[in-house]
Amino acid sequence: MKKLYLMQLATIFIGFIIFGFSENIKGPAIPRIQFDFGLNESQLGTLLSLNALGYLIACSFTAWLTRIWGIKRVTVIAFASMAISGIFIYFSQQYTMFSASYFLMYIGNGMLEIGLAILGARIFVRNTGTMMNLSHGFYGLSSTVAPLIATGLMKVTIFGHTLDWRGMYLIMLMLSIIPIVLASLSKFPGDDIKHEERTPLRSLLRDPVLWLMVCILTFGVVSELAVGGWLVNFLEKAYDWNTVRASGMLSAFFLCFALARLILGPLTDRIGFTLSLIIFSGMSAVCTFAAILGGEAYAFLFAAAGIGIAMIYPTVMAFIAKRYPNGSDTAITFTVTLMGLGSVIGNYVIGGVIEIVKDSVGSDTENGLLRGLQAGYGFIGFCAALCAATGVILYMLLRKRRELI
């Protein structure tokens with residue numbers, strides 16, 4: 001029994017490591033991909049948008065496949081699609097084949113995110129918050145080192161042939177074979193639950209708690225993902241930092257992010273998931289606003305904000321696992337899919353806020369640029385504050401019902 005549990009843990013932990021690699025090795029590769037295929041900025045944006053679409057599509061059907069085939073088979077298919085996409089990417093000489101291969105990789109990514117969340121919900125029946133945060137911590141660690149590993153691999157020469165970005169993707173994605181073997185040799189609970197015993201989606205949609213969780217997760221993830229896209233830009237343009245220094249602050253954010261998930265998980269079990277969501281998202285909002293208002297001397301608080309925002313996603317997953325034990329796969333899929341749509345909208349809003357404020361202050365002035373960037377980054381902090389505010393509403397609702405988790 002202990003050996004089986006260790007196999008299950010290894011599948012989840014290694015799965016999150018590979019998930020982090022697959023999502024974050026693209027940074028160093030994108031410029032080379034753009035050059036090799038002669039893509040302009042618009043075509044590159046379309047490529048990344050299609051990948052986001054593939055991710056959302058996969059999120060929408062994974063729970064359905066899980067009910068039909070079982071979580072074990074779906075998990076193996078998710079890893080296999082990523083490994084196969086690595087082979088196709090390596091041999092893609094035409095842009096059409098490459099974009100299709102990349103799309104397949106993000107289908108696998110979407111399936112994997114839902115699959116790993118469902119696995120965690122079924123396996124982590126004790127110390128759920130601790131184990132959810134720990135498993136997501138492996139994603140944070142692999143995300144931190146992924147750009148460095150990708151940069152190094154692209155320069156490696158084997159038998160006189162430089163791996164470049166195609167070889168790098170092949171090697172990194174073929175690591176998926178490891179969890180395929182582990183999952184194939186393991187058994188996972190939950191697939192034996194009869195269909196009539198599962199909580200139907202219609203019942204879940206009538207629960208206001210689930211809709212509040214959608215809002216909390218969306219606000220939290222918008223705040224989390226926006227940092228990767230906007231922090232370096234903010235520091236370079238607002239404070240005239242060079243790229244190395246600004247990137248160092250982003251790395252510090254991800255380090256705080258990863259360590260928080262690895263170390264602070266037990267706190268969520270001790271103080272409760274609902275209260276944890278309020279405290280940690282509120283902390284992230286305070287750090288972000290203090291960093292903006294305090295100026296360059298308080299820029300380190302941008303990194304510290306990662307401690308709070310890191311806890312939102314895994315704590316929401318732990319909450320869902322506890323509240324919907326017979327419908328966690330459906331609840332997770334519904335929540336993550338709506339969160340994905342919300343995060344896409346959120347990034348557009350940040351860009352829009354920057355432009356509106358910059359134009360109102362003076363589009364061609366340094367002060368206009370500074371105020372625009374501050375307002376745009378302030379929206380990231382505002383999302384964290386909304387996450388905390390929604391958590392307060394959830395806390396009051398659950399306390400009134402005597403259903404606090």
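This passage walks through the core, the helix packing and a few individual residues of a predicted model.

A good place to start is the nonpolar core. The largest such core holds 123 residues, and within it Tyr 169, Leu 235 and Met 317 touch the most other members. Helix α10, spanning residues 208–239, supplies the largest share of this core, with 17 residues. Met 317 repays a closer look: once neighbours within four places in sequence are set aside, its contacts are Ala 117, Met 132, His 136, Leu 217, Ile 332 and Val 336.

Two of these partners, Met 132 and His 136, recur in the packing of helix α6 (residues 128–153) against helix α15 (residues 312–323), where Met 317 takes part from the α15 side. The axes of these two helices come within 8 Å and cross at roughly 140°. Angles over 145 degrees would count as roughly antiparallel, and α6 and α15 are therefore classed as oblique to each other. Their crossing is right-handed. On the α6 side the contact is made by Thr 128, Gly 129, Met 132, Asn 133 and His 136, while α15 contributes Tyr 313, Pro 314, Thr 315, Met 317, Ala 318, Ala 321 and Lys 322. Sorted by class, this contact has six nonpolar, five polar and one charged residues.

Gly 129, one of the α6 residues in that contact, deserves its own description. Gly 129 counts as buried because its relative accessibility is 0%. Its C-alpha atom is separated by 6.0 Å from that of Thr 315, although the two residues are 186 residues apart along the chain. Beyond residues up to four places away in sequence, Gly 129 touches Gly 265, Thr 268, Asp 269, Phe 273 and Ala 318.

Helix α15 also packs against helix α17 (residues 366–401), and here the geometry takes another form. The axes of α15 and α17 come within 14 Å and cross at roughly 20°. With a cut-off of 35 degrees for the parallel class, α15 and α17 are therefore roughly parallel to each other. The crossing of this pair is left-handed. From α15 the contact draws on Ile 312, Phe 319 and Arg 323, and from α17 on Cys 387, Leu 394, Leu 398 and Arg 401. Its class make-up is five nonpolar, no polar and two charged residues.

A third helix pair is formed by α1 (2–24) and helix α8 (residues 177–184), which pack at an angle of about 155° with their axes 9 Å apart. These two helices are therefore roughly antiparallel to each other, and their crossing is left-handed. The α1 residues in contact are Met 7, Ala 10, Thr 11, Ile 14 and Ile 18, and they meet Ile 178, Pro 179, Leu 182 and Ala 183 of α8. By class, the α1 and α8 residues divide into eight nonpolar, one polar and no charged.

Helix α1 appears again around helix α7 (residues 164–174). The buried residues of α7 are Trp 165, Arg 166, Gly 167, Met 168, Tyr 169, Met 172 and Leu 173. The elements that cover them include α1, α2 (26–37), α4 (71–91), α5 and α6. Tyr 169 of this group is one of the three residues that touch the most other members of the largest nonpolar core.

Helix α16 (residues 328–361) offers a further buried position, Thr 337. At 16% relative accessibility, Thr 337 falls under the 20% limit and so counts as buried. Apart from residues up to four places away in sequence, Thr 337 touches Leu 56, Cys 59 and Ser 60.

Finally, two loop residues stand out for their backbone angles. Most residues other than glycine have a negative phi. Asn 127, however, has a positive phi of about 50° without being a glycine. Asn 127 is found in the loop between α5 (95–123) and α6. Phe 159 likewise has a positive phi, near 50°, and is not a glycine either. Phe 159 sits in the loop between β1 (157–158) and β2 (161–162). With a relative accessibility of 86%, Phe 159 counts as exposed.

Conventions. Residues numbered from 1 in each chain as written. Predicted model: local features only at pLDDT ≥ 70, side-chain atom pairs only at ≥ 80, totals over all residues. Heavy atoms only, no water. Core = buried A, V, L, I, M, F, W, Y, C linked by side-chain atoms within 4.5 Å. Buried < 20%, exposed > 50% of the residue type's maximum accessible area, 1.4 Å probe, protein only. Helix = DSSP H or I, 4+ residues; strand = E, 2+ residues; numbered from the N terminus. Contact = heavy atoms within 4.5 Å. Axes fitted to C-alpha atoms, helices over the stretch in contact; angles between N-to-C directions. Parallel < 35°, antiparallel > 145°, perpendicular 65-115°, else oblique. Left-handed = near helix turned anticlockwise from the far one by under 90°. Nonpolar A, V, L, I, M, F, W, Y, C, P; charged D, E, K, R; others polar.
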